[in-house]
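User: Hi! Could you walk me through this model with a few questions and answers?

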Amino acid sequence: MRRILALLLPLATTATLALAGCSDDPKSGGDGGPEPPAATEKRPESVDGVPTDTGTHKQKIDVGTPGHREYLLHVPPKLTGGTWRDGKPAEPLPLVLALHGGAANMDQMRKLTGYDRIADDKGFLVAYPDGFVMSWNAGDCCGPAKLGKIDDVDFLAQLIGKLTGAGLADPKRVFVTGFSNGAGMAYRLACERPGRVAAIGVVEGALVTECDPQRPPSAMIVHGTADGSVPFNGGGRRDFNDGRPFPPVSEAVDLWRRKAGLPAPSRPLKGLSNGADCEGTGKGRGGVEVAFCKIEGGEHRWHAGTSAMLWDFFADHPRVG
């Protein structure tokens, strides 16, 4: 009997191993389960010419006009050290476009907002585009860009398309902020290319262009009551060669919330540390919301804490559908 058991034991072990190789357990890697996930690929140094190293990179983009346009792109560690598949990040990141004011440039906007640090902490891309001769064609304003009839809407749309097309930025989480003339440009982009933008954040700017978006984005509007350049209640001059007054800030708030079918802002929101009174409409169709931050005594400047507050608003308002 012992001799028979000794002969049968190796046969039983072989049969058990054979059956294990045919298991339907997905974890087994057998014919009945999926293949194990592929190992993370090595990150390419660039995608479609866009660098992927952590840091801020000066870039050029051909927009089909004489010369080229420039922008700074800040890449956070989350993109560089993330998972890569098929030469692109497995998870595209949100993108914030930060538009400088008049008589300023992309380098100054980068320093003014401090978005590089926030982007590294929260994990999003930041693009700082450069205007035309330190200005943006926001409609009835401003300066050289308006006089030259520069198509800044197309420039910014192409920049967004380049970064989303490369798979680096998530097309449903593209956000645009701006200061002064740059704020007016953010308005115009959202008016004319609303499908490209999930939310805008305008600081001390005016809506001075025709606006009838079929799919309005979310909007946070920040304005001080003591702004002497773009008066809170309207006034001043739209441009050096245009004596018409700026419209009141309330008109822009009303336009965006009406286009989205939203009530007047009345829900208290967390504001800036300097006592800004912020109210929101609550989210409506497609998650769209309009928020208004009134800064009592606030002047024409980028207020402390604005960058972080706008990012919190952006993060909570991706484009739905």
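User: Which residue forms a salt bridge with Asp 239, with the closest N and O atoms 3.1 Å apart?
Analyst: Happy to start there, keeping in mind that this is a predicted model. Asp 239 lies in the loop between strand 11 (218-224) and helix 8 (249-259), and its partner sits in helix 5 (residues 143-147), so the pair ties together parts that are 93 residues apart in sequence. The residue that forms this salt bridge with Asp 239 is Lys 146.

User: Is Lys 146 buried or exposed?
Analyst: The cut-off for buried is under 20% relative accessible area. Asp 239, on the other side of the bridge, counts as buried because its relative accessibility is 9%. Lys 146 has a relative accessible area of 16%, so Lys 146 is buried.

User: How far apart are the closest N and O atoms in the salt bridge of Asp 121 with Lys 122?
Analyst: Let's look at the surroundings of this pair before the distance. Asp 121 has 59% relative accessibility and therefore counts as exposed, while Lys 122, at 44%, counts as partly exposed. The closest N and O atoms of Asp 121 and Lys 122 are apart by 4.0 Å.

User: Which residues are linked with Asp 140 in a network of salt bridges?
Analyst: The count for the model comes to 14 salt bridges. Some of these charged residues join into a network, and the partners linked with Asp 140 are Arg 238, Asp 242 and Arg 244.

User: Which backbone nitrogen lies 3.0 Å from a polar atom of the side chain of Asp 170?
Analyst: Asp 170 is placed in strand 9 (residues 169-179), and its 17% relative accessibility is why it counts as buried. Its side chain also has a polar contact of 2.9 Å with the side chain of Arg 173, and these two residues form a salt bridge. Arg 173 counts as partly exposed because its relative accessibility is 24%. The backbone nitrogen at 3.0 Å from the Asp 170 side chain belongs to Lys 172.

User: Leaving aside neighbours within four places in sequence, what is Asp 170 in contact with?
Analyst: Contact here takes heavy atoms within 4.5 Å. With the sequence neighbours set aside, the residues in contact with Asp 170 are Pro 92, Leu 93 and Thr 164.

User: What is the order of the strands in the open sheet?
Analyst: The sheet has 10 strands, and their pairing is mixed. Strand 3 and strand 12 (267-269) stand at the edges with a single partner strand each, so one side of each is left without a neighbour in the sheet. Neighbouring strands are turned by 20° against each other on average, direction ignored. The order is 3-4-8-7-9-10-11-14-13-12.

User: Which side chains of strand 3 point to one face and are buried?
Analyst: In a regular strand the side chains alternate between the two faces of the sheet. Strand 3 (residues 55-61) shows this alternation, with Thr 56, Lys 58 and Lys 60 pointing to the face where the side chains are not buried. The buried set on the other face is Gly 55, His 57, Gln 59 and Ile 61.

User: Which residue in strand 4 stands opposite Lys 58?
Analyst: Strand 3 and strand 4 (residues 69-75) run antiparallel and are joined by 7 bridges. The residue in question counts as buried because its relative accessibility is 6%, and its C-alpha lies 6.3 Å from that of Pro 129, although the two are 57 residues apart in sequence. Opposite Lys 58 stands Leu 72.

User: Which helix gives the largest share of the largest nonpolar core?
Analyst: This core has 52 residues, and those with the most contacts inside it are Leu 163, Ile 200, Ile 221 and Trp 256. The largest share is 7 residues, and it comes from helix 7 (residues 181-192).

User: How many residues are in the other core?
Analyst: It lies apart from the largest one, and its members include Leu 72, Tyr 128, Val 203 and Trp 302. This other core has 30 residues.

User: Which residue stands opposite Gly 280?
Analyst: Strand 13 (residues 277-280) pairs with strand 14 (residues 290-295) in the antiparallel sense, over 4 bridges. Within that pairing, the residue of strand 14 opposite Gly 280 is Ala 291.

Notes
Residues numbered from 1 in each chain as written. Predicted model: local features only at pLDDT ≥ 70, side-chain atom pairs only at ≥ 80, totals over all residues. Heavy atoms only, no water. Helix = DSSP H or I, 4+ residues; strand = E, 2+ residues; numbered from the N terminus. Buried < 20%, exposed > 50% of the residue type's maximum accessible area, 1.4 Å probe, protein only. Polar contact = N/O pair within 3.5 Å; in protein donor to acceptor, adjacent residues only side chain to side chain. Salt bridge = Lys/Arg side-chain N within 4 Å of Asp/Glu carboxyl O. Core = buried A, V, L, I, M, F, W, Y, C linked by side-chain atoms within 4.5 Å. Pairing = 2+ DSSP bridges. Axes fitted to C-alpha atoms, helices over the stretch in contact; angles between N-to-C directions.
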